[in-house]
Amino acid sequence: MVDNLAADKYSVPVESIFQIHESPCKIVLAITGGGAEILGELLRHGSGSATVLDAVVPYSMEAMDRFLGRKPEKYCSEKTARLMAMVAYQRALDLSKGEESAAHDVVGIGATCKLKAANERKGRKHVVHVAIQAACKTGVITLELAADRTREKEEKIAAFLIFNVLARHSGVPEVDLPGRIGTGDERKEEITEKYESVSEPVGNLLKQKICSQKGPDKTPDMARIDLNEGKSSAEPDKVRLVFPGSFDPCHRNHVFMAKLASEKHGEPVHFEISLTNVDKPPIDFISLNQRLDSLRKYRDEAFVGGVCLTNAPLFLQKADLFPNSTFIIGADTFNRLFDAKYYGGKVDISAILRHFREKNIRFMVFQRKSVEMSVNPEVLKFCEIVPMDEYEDDGISSTEIRRKQEENKGN
C-alpha cells in the first residue's frame, strides 16, 4: 500500500522547479537504484526542456556497464556516482554544441542508490550517492539512511537530494531536507559532502573534443600544475623528461623510476596525467585532486619538476605536446606503445616510428616483474631499457594499493 504522504512535505515546491527552469543550467541526468521521481518533478509542470537535455536510467548491471563503458568496482558508491556524472556531463556537452556559453551552463548529474527492497538481508545498508560534474567543479553528497522507512519515503528523500544538488549549482534555494528526514533515529543521518574546483585552463581540457585513435579534430592541450603553489597555467615551461601515468595513487615504484631517470638525465621529472581516456570516462576533479595529493608528498624532492595535465591519452598525441623529450614508461606500457592495436588499427608501426622520429622522442623503459617485453630492433633505436637490477621493483600496482585502501576503510 502506498504511503499517505503529505504533498507539501514530500514534493518539491513548484516555485522551486520553475526557478530551476529560469536559470541557464542545462543538465543530463543519470539515475539508478532510486530517485527517478526527480524526473517527474522536473517535467510534469511544463518548461522542462529549458533544463533537461537528456535523462537515462541504467538500472540493470549490463545497462550500467554500457553507460559507463566499463564495469565499476561497486555499482552503488561515491566513485560510481562521480563516473555517472562525468559521462552525463560529456553527453551534455555534446548535446549543447554550438550554443553560447554552453560549456559554463551544462552539467551532468549522476545518482546511484541502494534503497529498501523486499526480502532484503538483515543489516543491508540503505544509501544515496549524488554527484555533479560541471566545467570546473566536481561534487558528491552521500546520505546513509539509518531509520526504518518505507521504500516510497526513501525514494522521496533520494529525489530531494538530487534536486538540492541541482538547486545549489543553479543558485536556487534548496529544499529543507532535515525537516523532511524526521526525528528519532533519523537524527543520526548526516549528509557528507565533497567538492573540488579547478582553474579554467584545467576545466577546458574536458570541454574540448576527447582525443582518440579515431583522429581528433583539435590539437591536444595542456595545463601546468605547480605542486608547491597549486597554481596552473595554460602555457607550460619546456620539459625534457616526462613521466606519463594515472598515478592513482603515485607509489614507491613510481618514485624509484622518477629518481633514477632524473639522476641519469640531469633533468627534473614532469608527471603527465591525461584527464581524458580512450576507453573510459575522463578523470573527475575529486579523483584528480587525490592523485595530485599523492604526488604532492614529493614536491620538495629535487627530481620533481611539476605536473602537466593534458587531454592526450595516446603517446602519438603526447609527442605533439612534448617534442624533444624522453618519456619514462614501464614494460607493460612499452608492449602497447608499438602495437598498432593500441591505436585502434588506424596507424601502422612505420607511421608510429616516423612520428616519434619527427618529434625527436625517446623512451626510458623500466622492466617489471612478470612482464615479458616484446622488443623490435627498430624500436630499440628510440629506447633505453633499464634492467631490473638498477632499481627496485616490488611488483606492486596502483590497483592493488586502491584495493587495500578500500579494505582499510571498511575495517
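Let's start in the middle of a sheet, at strand S4, where both faces are covered: His126, Val128, Val130 and Ile132 are buried on one side, and Val127, His129, Ala131 and Gln133 are buried on the other. Because 8 of the 8 residues of S4 are buried, this strand is largely enclosed by the rest of the structure. The split into two sets follows a familiar pattern: in a regular strand the side chains alternate between the two faces of the sheet. Please keep in mind as you look around that this is a predicted model.

Now look to either side of S4. Strand S3 pairs with S4 in the antiparallel sense over 7 bridges, and within that pairing Ile109 stands opposite Ile132 of S4. Strand S5 also runs antiparallel to S4, and 8 bridges join the two. Here Ala131 stands opposite Val140 in S5. If you follow the chain from S4 into S5, you pass through 3 residues, and the two strands form a hairpin.

Stepping back, you can place these strands in an open sheet of 6 strands, ordered S2-S1-S3-S4-S5-S6, with mixed pairing. At its edges are strand S2 (52-56) and strand S6 (191-197), each of which pairs on one side only. Direction ignored, neighbouring strands of this sheet are turned by 10° against each other on average. The parallel sense appears between strand S1 (residues 26-32) and S2, which pair over 4 bridges. To find this pairing on screen, look for Val28, which stands opposite Asp54 in S2.

A helix belongs in this picture too. Helix H7 (residues 151-170) lies across S1, strand S3 (106-114), strand S4 (126-133), strand S5 (137-145) and S6, and runs at about 20° to S4.

Next, turn to the loop between S3 and S4, where you will find Asn119. This residue has a positive phi of about 55° although it is not a glycine. Asn119 counts as exposed because its relative accessibility is 82%, and the cut-off for exposed is over 50%. Another asparagine, Asn360, has a positive phi near 55° as well, and it too is a residue other than glycine. Asn360 lies in the loop between helix H14 (349-358) and strand S13 (362-366). With a relative accessible area of 45%, Asn360 is partly exposed.

There is also a peptide bond to look at. Asp248 and Pro249 are joined by a cis peptide bond, with omega at about 0°. Pro249 sits in the loop between strand S9 (241-244) and helix H10 (252-265).

Cys250 is buried, with a relative accessible area of 8%. Cys308 is buried as well, at 0% relative accessibility. What about disulfides? A disulfide is a covalent bond between the sulfur atoms of two cysteines. In this model the count comes to 0 disulfides, taking sulfur atoms within 2.5 Å as the rule.

Ser274 is worth a visit as well. This serine is found in strand S10 (residues 269-274), and at 10% relative accessibility it counts as buried. What does its side chain reach? The side chain of Ser274 reaches the backbone oxygen of Thr276 at 2.7 Å and the backbone nitrogen of Ala312 at 3.3 Å. Leaving aside neighbours within four places in sequence, Ser274 is in contact with Ile283, Thr310, Asn311, Ala312, Pro313 and Lys318.

Finally, consider the protein as a whole. It has 16 helices and 14 strands, and 49% of its 411 residues count as buried. Among contacts with a separation of 6 or more, 72% are between residues 24 or more positions apart.

How confident is the predictor? The average pLDDT is 86, and 83% of the residues score at least 70. Two stretches deserve some caution. Over residues 1-7 pLDDT stays under 50, and the model has 8 contacts beyond four places in sequence for them. Over residues 210-217 pLDDT also stays under 50, and here the model has 19 such contacts beyond four places in sequence. Where pLDDT is low, the predicted coordinates should not be read in detail.

Key:
Residues numbered from 1 in each chain as written. Predicted model: local features only at pLDDT ≥ 70, side-chain atom pairs only at ≥ 80, totals over all residues. Heavy atoms only, no water. Buried < 20%, exposed > 50% of the residue type's maximum accessible area, 1.4 Å probe, protein only. Polar contact = N/O pair within 3.5 Å; in protein donor to acceptor, adjacent residues only side chain to side chain. Contact = heavy atoms within 4.5 Å. pLDDT = per-residue confidence, 0-100. Pairing = 2+ DSSP bridges. Axes fitted to C-alpha atoms, helices over the stretch in contact; angles between N-to-C directions.
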